[in-house]
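Visitor: Hi, I've just opened this one and don't know my way around yet. Could you walk me through it?

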Amino acid sequence: QKVTRSESSQARKSQHAEEAVFYMNCRAAYLTVLKSSLENIKSKEQLSLVLQQAGRNPSQKTVNKYWTSQTTTLNFDDFCTILKKEKPATKTELLEAFGKIDTDNTGYILHDELYKILTTRGEKMTPDEVSTIIKQADFNCHGKLDYNKFCDLYMTTSEQCCKTAREKLEVDNRFKQQQFGSQVETSSEGITMPVSKPSPRILRKTDHKLAPTKGDSRTPSRPSSAQSCKASISTTLSLGASSNRSIKLIEPDTMKEWHCAQSKGCFYLEEDGEIISHKYKLHLPQRSTVCITIKPLNIRQVEGKSCHWLSVDTALYILKENETQENLQLVSFTEQQNKEMFGWKGELGSGIYWLLPFTTGCRLKKVKAQMTGEAKLVYRGEDGELALTKEFRAALSDIFETIDLDGNGLLSLEEYNFFELRTSGEKCDEEAWAVCKENFDMKKNELTRQGFMDLNLMEANDREGDPSDLWVTLLSLGYNKALEMTEACPFVIDIYAEKCKPRIKAIYLEAGSLQLNRAVCKSVVNKGEAKVMDGCENIIVYTYKMGKRITSVIENKSENKVIIHVNNEQSKNCLSSRGLIVFAVEVAPKSTMVSQHVMPLNEQEEWFYNCVHSLV
């Protein structure tokens with residue numbers, strides 16, 4: 001056990017070291033083009049330039065992916081997020097690309113052929129740009145390009161860009177120390193912080209004026225020093241393994257005579273780490289005592305494979321709909337616990353309520369792919385016909401179980417469209433559904449499990465056995481190449497009402513909304529312990545413990561934005577939703593935002609939460 005803990009500690013230190021180097025390189029590249037990490041990227045050209053300084057060579061298509069028609073600026077955190085996604089090209093990848101042109105594997109490409117390809121295919125280059133490449137003596141001779149040498153020069157140039165940027169940063173830091181002595185750390189440049197502005201993709205979903213309150217959904221910022229902080233608050237909680245279980249227990253079995261409604265749903269992890277899920281409307285025809293619960297959906301158990309999602313924390317926020325959907329009032333949230341199930345019991349008046357599922361992201365996050373081979377999805381039988389493998393059929397059965405929201409064993413057009421929106425971004429209309437009805441097994445105009453299997457088999461046949469499209473579907477639903485669901489968490493919601501029949505319906509499948517972020521903040525402000533920052537009465541940190549989760553919220557009552565440094569270095573056996581031990585956040589004027597969610601790394605052991613929030 002000591003060896004295991006030691007290895008785990010070394011792994012964590014190694015990961016933190018990697019993160020520190022990554023953010024140093026990000027900052028070095030950023031400051032080569034911009035004066036400060038607080039300054040925003042203001043154009044496509046600037047974005048392309050900083051990416052090049054970071055050793056990337058972005059195509060116009062790549063730049064357009066991050067700089068859309070809705071984008072006005074990108075901040076340093078956006079830049080770091082982009083670099084995490086856009087990995088630098090390796091020499092192997094470059095050689096493979098050239099190898100597709102050099103089919104004879106000679107190691108050379110004729111200038112005439114290169115000119116034709118570069119000026120007519122893909123992102124077309126100008127004749128002058130191609131001529132510049134051809135004239136380089138280092139990798140051209142006798143009318144041919146030696147692409148092996150070209151790749152070597154490309155890699156060297158890329159590495160030199162990064163090295164030059166780092167050296168410039170070191171020189172700048174030494175210059176600051178000479179000018180300001182020990183005060184170098186008080187410069188805002190000494191701490192690189194995230195800005196609560198959502199990414200361009202999010203801006204299309206929400207009101208720009210309300211965007212700053214969405215700070216808790218941002219990617220965590222860089223590690224930084226706390227020495228430049230002006231005022232601070234320290235919060236300490238020592239928790240035993242038994243404290244992970246709530247005293248208040250819900251026992252739905254005692255409500256067997258009550259009316260019940262149920263719906264399933266799922267949390268899905270996006271490429272950028274954002275979490276999306278179903279959102280629901282609950283209709284109560286009359287006032288009644290109700291019990292609302294949520295828990296991970298326990299689908300089939302495969303021997304030898306762990307069900308990662310069963311350890312994911314879940315919660316529901318209950319909001320009352322008033323005159324408009326935008327004007328929702330927080331009623332309560334599921335803070336009572338019974339094992340993996342969370343719930344709330346109380347009285348609700350008649351009307352429409354919104355149920356917003358929530359998970360902290362502590363346990364549902366991107367994992368490094370450990371490739372152990374790719375599972376086989378289809379095979380050809382003795383008759384030459386394509387068939388689905390046993391493993392793929394089992395995964396499809398689980399998927400069917402998850403997307404069958406009402407649990408009736410059939411997929412309605414509405415349920416199927418949630419699946420389509422997630423996997424392809426499109427919807428199936430009534431006409432297309434009628435075609436499905438003609439070709440696949442249906443009952444009462446709903447797709448059966450066998451019909452769903454046959455639909456996927458047809459897709460494989462359409463591609464003559466190529467599983468590429470099937471993998472797109474699986475990956476978008478949180479599966480890895482070993483057919484394990486590691487980046488999704490299916491859940492089930494149960495509504496018990498004493499005096500009337502409740503109705504629940506899934507309405508959206510989307511990222512955490514502004515209403516959800518407000519609800520999380522408000523619940524912590526209402527129930528948590530408040531601490532005013534010493535020497536700065538306008539900054540209040542609220543900390544609330546619920547079962548095996550601690551949430552801290554920062555309120556900024558001042559007229560100016562503030563930068564708060566968050567340090568968890570003294571915490572033990574803790575897992576932060578931010579993914580870093582030390583980070584910084586920017587809180588907009590007159591606003592509240594989630595600082596972090598924390599859970600025990602190992603629930604069977606004692607955990608110690610010690611967090612210092614400091615004003616920079």
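Guide: Sure. Let's begin with strand 7, residues 288–296, where seven of the nine residues are buried. Keep in mind as we go that this is a predicted model.

Visitor: OK, which strand does strand 7 pair with over residues 341–348?

Guide: That's strand 11, and the two pair in the antiparallel sense over seven bridges. To find your place there, look for Ile294, whose bridge partner in strand 11 is Phe342.

Visitor: And how many bridges join strand 7 to strand 17?

Guide: Seven bridges, and strand 7 and strand 17 (residues 488–497) run antiparallel. Here the pair to look for is Cys291, which stands opposite Tyr496 in strand 17.

Visitor: Let's switch to holes. How many cavities of 30 Å³ or more does the structure hold?

Guide: It holds five of them. The second largest cavity has a volume of about 70 Å³.

Visitor: What lines that second largest cavity?

Guide: The lining is made of Cys266, Tyr268, Asp398, Ile399, Thr402, Ile403, Leu477, Tyr479 and Met485. Two elements give two or more residues each to this lining: strand 5 (259–269) and helix 10 (390–403).

Visitor: Which element gives the largest share of the lining of the second largest cavity?

Guide: Helix 10, with four residues. By class, the lining of that cavity has seven nonpolar residues, one polar and one charged.

Visitor: While we're at helix 10, tell me about Phe392. Is Phe392 buried or exposed?

Guide: Phe392, which is found in helix 10, is buried, with a relative accessible area of 1%. Beyond residues up to four places away in sequence, Phe392 touches Leu377, Leu470, Leu474 and Leu483.

Visitor: How far apart are Phe392 and Leu377 in space?

Guide: They are 5.3 Å apart, C-alpha to C-alpha, and 15 residues apart in sequence.

Visitor: What about pockets? How much space lies in the second largest pocket?

Guide: About 1,800 Å³. It is lined by 43 residues, and the closest to its centre are Asn57, Leu94, Met125, Phe150 and Tyr154.

Visitor: Which helices supply at least two residues each to the lining of the second largest pocket?

Guide: Helix 2 (44–53), helix 3 (60–66), helix 5 (91–101), helix 6 (111–120), helix 7 (127–134) and helix 8 (147–180). Sorted by class, the lining of the second largest pocket has 20 nonpolar, 13 polar and 10 charged residues.

Visitor: Back to strands, then. What order do the strands take in the open sheet of three?

Guide: The order is 1-3-2, with antiparallel pairing. Strand 1 (108–110) and strand 2 (140–141) are the edge strands, each pairing on one side only.

Visitor: And over how many bridges do strand 2 and strand 3 pair?

Guide: Two bridges, in the antiparallel sense, with strand 3 covering residues 144–146. Cys141 has Lys144 as its bridge partner in strand 3.

Visitor: Any hairpins worth a look?

Guide: Try strand 19 (residues 529–533) and strand 20 (residues 536–546), which pair in the antiparallel sense over five bridges. Met533 stands opposite Cys536 in strand 20. Two residues sit between the strands of this hairpin, and Gly535 takes a positive phi near 80°.

Visitor: Does Met533 come up anywhere else? What's in contact with His613, say?

Guide: Met533 is among the contacts of His613, along with Ala231, Ser232, Ile233, Val541, Ser552, Ile554, Ile564, His565, Val566 and Ser595, leaving aside neighbours within four places in sequence. His613 lies in strand 26 (residues 607–615).

Visitor: Why does His613 count as buried?

Guide: Because its relative accessible area is 0%, and buried means under 20%. The His613 side chain also makes a polar contact with the side chain of Ser595, at 2.8 Å.

Visitor: One last residue: where is Asn568?

Guide: Asn568 is in the loop between strand 22 (562–567) and strand 23 (574–576). Asn568 is buried too, with a relative accessible area of 9%.

Visitor: Which side chain does the side chain of Asn568 make a polar contact with?

Guide: That of Gln596, at 2.9 Å. Not counting residues up to four places away in sequence, Asn568 touches Leu580, Ile581, Phe583, Gln596, Tyr609, Asn610 and Cys611.

Methods: Residues numbered from 1 in each chain as written. Heavy atoms only, no water. 1 Å grid on protein atoms, 1.4 Å probe; cavity = no way out; pocket = protein on both sides within 12 Å on 5 of 7 lines; lining within 4 Å. Points joined across faces, edges and corners; volume = space filled by probe spheres on them. Nonpolar A, V, L, I, M, F, W, Y, C, P; charged D, E, K, R; others polar. Pairing = 2+ DSSP bridges. Buried < 20%, exposed > 50% of the residue type's maximum accessible area, 1.4 Å probe, protein only. Polar contact = N/O pair within 3.5 Å; in protein donor to acceptor, adjacent residues only side chain to side chain. Contact = heavy atoms within 4.5 Å.
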